[in-house]
Amino acid sequence: MSTILERPTESTAPDFVEAEVRYVVDDGTPPYRYIDWPEMQDRDRPPSYEPRRVTIRNGRTSGETFALVTHGFTLVEHPTAVKDFYDEEEILSVYYPETEALIKAQSGARRVIVFDHTVRTADKSRLAERWVRETVHAVHNDYTERSAPQRVRDFLPADEVQRALEGRYGIVQTWRSIAPRVESEPLAMCDGKSIPEVGFIPYQRRYRDRTAETYHLAFSPEHRFYYFPLMTRDEAMVFKVFDTDASAGVRFTAHTAFDDPTTPPDAKGRESIEMRALAFY
C-alpha cells in the first residue's frame, strides 16, 4: 500500500532544496560509546562526521509513488486519537495499538509488535523526561544485521524466538509530528534503492547489560533524499529499517534531521515521535 499526499495549501516549499547533512567518516574502525558505564567512558571511540551538501527533493511534488517495497518509506494520512504525546501512559494504551494497525496495513505483515518509542524535541526543559531526546543530525539506519535479530530475542517469548528467526521478519518504524506541523528540522528520507551495499558503518552504544547497534552511513553520491514539507500531526511516515528478505525490494533505508535553508527565523522547534516495531510475515 502507498499514499501520495499533495502539498498542503499553506506550503510554499520549493520542489527541492540544497542542504548539508552529516555523514560518518569511514576510517576502517567502527565507532562505539559507553553509555551508563562511567569507568569505561575514557575508552569511547565516538564517530567522526563530515558535512556534505545534497539535494533533498520535495516528495509532495515529485510525482513519485512511495511505498515500502519500492523506496522503503511512504507518507500516509493517519489521524490519531492521542491527546498528549508527552503522556507515557496514553502513548502505551492508545498510540501503540494505532501504530501496530498502521504498520500491519502498510507492510502486509501478519503480526506487528511495537516495542519502543522516542519523543524528540529541541525544548531543553523536556530532555530529562523518559524517552525524550534531541533530534539526530546524522544519516543513519536504526538497526543492523546484529541488532535486529537481538530485538526478536528481547521481545518474544523464549519458545517463539527460534521459529521467528527462521522466518521472514523485519523492523518497521513510524515518524510523526506531535505539534500541529513540522516547521523546522524536517526529516529527510534516503530512498532505500539508491543506497549501495557499502558504507553501512556499525555504531555501538555499550550499556552494562546490553549493546545497542545502529548503522551510520558513509557518503555516497548515489544517495537520493526526499522530504515532505510541513508534515502535520495527521500524517505519518512509515519506513523500513530492516528486512530479512533480500527479494523484498528494500531491506534498509536511512534518515536524518536537517536544517532546511527555507525555514523562516520565527519557525517553531520540531516536536516528533518515532515508533519502532517488529514485523513478522
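**Exercise 1.** Is D154 buried, partly exposed or exposed, and at what relative accessibility?

*Solution.* Start with the ground rules: this is a predicted model, where local features need pLDDT of at least 70, side-chain atom pairs count only at pLDDT 80 or more, and totals for chains, interfaces and linings use all residues. Residues are numbered from 1 along each chain as its sequence is written, and side-chain values use heavy atoms, leaving out hydrogens and water.
Next, the cut-offs: buried is under 20% relative accessible area, exposed is over 50%, and partly exposed sits in between (1.4 Å probe, protein chains only).
D154 comes in at 38%, so call it partly exposed.

**Exercise 2.** Find the salt-bridge partner of D154 and place the pair in the fold.

*Solution.* A salt bridge here is a side-chain nitrogen of Lys or Arg within 4 Å of a carboxyl oxygen of Asp or Glu.
D154 pairs with R151, at 3.0 Å from N to O.
Both sit in helix α2 (residues 147-155), three residues apart, so about one helical turn separates them. Helices are DSSP runs of H or I with at least four residues, strands runs of E with at least two, numbered from the N terminus.
R151 is buried, at 13%.

**Exercise 3.** Work out what the R224–E64 salt bridge ties together.

*Solution.* The closest N and O atoms of R224 and E64 are 3.8 Å apart.
R224 is in the loop between β11 (211-217) and β12 (225-227), and E64 in the loop between β3 (49-58) and β4 (73-77), so the pair ties together parts 160 residues apart in sequence.
R224 is partly exposed at 32%, and E64 is partly exposed at 21%.
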